[in-house]
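Open the model in your viewer and keep the selection box at hand. Each stop says what to pick and what is there.

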Amino acid sequence: MVFSLDRWVGKVAIVTGASSGIGASIAEELVERGLKVAAFARRKVLLEVLAKNLSGKKGQLFPVKVDLTKEEDILNGFKWVKETLGPVHILINNAGITGNTTISYGDSEIWKQIFQVNVIGLSIATREAVRDMRANNVDGHIIHINSILGHQVIYIPSLSVYPSSKYAVTALAETLRLELNSLKSKIKITSISPGLVKTEGLANEILQSEGFKQIIKEKKFSIRLMLQKLLFMFYPHLLMFR
Ligand SMILES: NC(=O)c1ccc[n+]([C@@H]2O[C@H](COP(=O)([O-])OP(=O)(O)OC[C@H]3O[C@@H](n4cnc5c(N)ncnc54)[C@H](OP(=O)(O)O)[C@@H]3O)[C@@H](O)[C@H]2O)c1
């Protein structure tokens, strides 16, 4: 099957968390393919730089300052898009934060922030996109940027709440699919679950965390142990490797 973005040329896509990392790359790609991209994030200055760098491309990027922890901001963002650019055809729910927190000693304010951005903000944006698409008879596409941690928990110290928010995204993608089905809507929902992607923000936070460094250290240690065991199988006299 050949996937083409041709049918979306000139149409409107909203990308949340477009000021850096994966979101900025997605926004860039969509602009290059000829879409009008409303780029949502708090750091508008970064969005403006991105818009400037993309001027002269087939499509165009429009910076919109939106804090996903504030419902009013999201509603105003959608209102601006509808009034200025037209009906929404694609929503990429990319914005996400990991929070540096544990269950045992964590700050509940950080837990709330994680859920506000990764789950509630995503749900509000999804609701607004579905309403707009249905009101305009648009068979659009909603894409959640999930995570492998939304399917399997891996112990990464200080990342004790983030996986639960991504499990919620997995469930929200499925419940939306069922809802759209029952509405006989042709709007598509896709959940994409990347592994570790080297981005400035989120991935750096993970890579720099003491917990992750510890995991890498332990992994190296276990690879060393495995090699030692293999060597011992073939050269049992080398007792020093045991
Ligand atoms: N990088 C990875 O290894 C990895 C792996 C699996 C899944 N993911 C997922 O991929 C997505 C993007 O991750 P990334 O690595 O590209 O992260 P990133 O570089 O840290 O970017 C996060 C984006 O989210 C935005 N954001 C954060 N809080 C926000 C808020 N309150 N309101 C509006 N926007 C907000 C940020 O913009 P502002 O700060 O300007 O608001 C930024 O544009 C996330 O959903 C993440 O869970 C990442």
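Start by selecting Ile90, which sits in strand β4, residues 88-93. This is a predicted model. Is Ile90 buried or exposed? Count the other C-beta atoms within 10 Å: there are 23. The cut-off for buried is 20 or more, so Ile90 is buried.

Now show the contacts of Ile90, skipping neighbours within four places in sequence. They are Trp8, Ala13, Gly140 and His141. Add Ile142 and draw a C-alpha to C-alpha distance from Ile90. It reads 5.8 Å, across 52 residues of sequence.

**The core around Ala13**

Move to Ala13, one of the contacts of Ile90. Beyond four places in sequence, Ala13 is in contact with Leu30, Leu35, Val37, His89, Ile90 and Ile92. Next, select Ala13, Ile14, Val15, Ala27, Val37, Ala39 and Phe40 together. These residues touch the most other members of the largest nonpolar core, which has 45 residues.

**Helix α1**

Select residues 21-32, helix α1. Its 12 residues reach 17 Å from first C-alpha to last, close to the expected 16 Å. How many of the 12 residues are buried? Nine are, and α1 is mostly covered. Colour them: Gly21, Ile22, Gly23, Ala24, Ile26, Ala27, Glu28, Leu30 and Val31. Ala27 also appeared in the core selection, and Leu30 is a contact of Ala13. Step past the end of α1 to Gly34, where phi is positive, near 100°.

**Zoom out**

Colour by secondary structure. The chain holds seven helices and six strands. From the N terminus the order is β-α-β-α-β-α-β-α-β-α-β-α-α. Of the 242 residues, 34% count as buried. Take the contacts with a sequence separation of 6 or more: 69% of them join residues 24 or more positions apart.

**Helices α3 and α4**

Two packed helices are described by the angle between their axes and the distance between the axes. Select α3, residues 71-84, and α4, residues 108-135. They pack at about 30°, with axes 10 Å apart. Angles under 35 degrees count as roughly parallel, and α3 and α4 therefore fall in that class. The crossing is right-handed. On the α3 side, the contact is made by Glu71, Ile74, Leu75, Phe78 and Lys82. On the α4 side, show Gly121, Ile124, Ala125, Glu128 and Asp132.

**Helices α4 and α5**

Keep α4 and add α5, residues 162-182. What is the angle here? The axes cross at roughly 15° and come within 8 Å. So α4 and α5 are roughly parallel to each other. This crossing, too, is right-handed. From α4, the contact uses Ile114, Phe115, Asn118, Val119, Leu122, Ser123 and Thr126. From α5, the partners are Tyr162, Ser165, Lys166, Ala168, Val169, Leu172 and Leu176.

Hide α4 and look along α5 alone. It has 21 residues and reaches 30 Å, close to the 30 Å expected. Its buried residues are Tyr162, Pro163, Ser165, Lys166, Val169, Leu172 and Ala173. What covers them? The cover includes α4, β5 and β6, the last at residues 188-192.

**Positive phi and loops**

Most residues other than glycine have a negative phi. Three stops go the other way.

- Asn137 lies in the loop between α4 and β5, residues 141-145. Its phi is near 55°. Asn137 is exposed, with 8 other C-beta atoms within 10 Å.
- Ser158 lies in the loop between β5 and α5. Its phi is near 75°. Ser158 has 18 C-beta neighbours inside 10 Å and counts as partly exposed.
- Lys184 comes just after α5, with a positive phi of about 55°.

**Last stop**

Select Lys186, in the loop between α5 and β6. Is Lys186 buried or exposed? With 12 other C-beta atoms within 10 Å, Lys186 is exposed. Add His141 and draw the C-alpha to C-alpha distance. Lys186 and His141 are 8.9 Å apart in space and 45 residues apart in sequence. His141 takes you back to the start, as a contact of Ile90.

Methods:
Residues are numbered from 1 along each chain as its sequence is written. This is a predicted model: local features need pLDDT of at least 70, side-chain atom pairs count only at pLDDT 80 or more; totals for chains, interfaces and linings use all residues. A nonpolar core is a set of buried Ala, Val, Leu, Ile, Met, Phe, Trp, Tyr and Cys residues joined through C-beta atoms within 7 Å. Two residues are in contact if their C-beta atoms, placed from the backbone, lie within 7 Å. Helices (H or I, at least four residues) and strands (E, at least two) are DSSP runs, numbered from the N terminus. The expected span of a helix is 1.5 Å times one less than its number of residues. Axes are lines fitted to C-alpha atoms, for helices over the stretch in contact, and angles run from 0 to 180 degrees between N-to-C directions. Angles under 35 degrees count as roughly parallel, over 145 as roughly antiparallel, 65 to 115 as roughly perpendicular and the rest as oblique. A crossing is left-handed if the near helix is turned anticlockwise from the far one by less than a right angle, and right-handed if clockwise.
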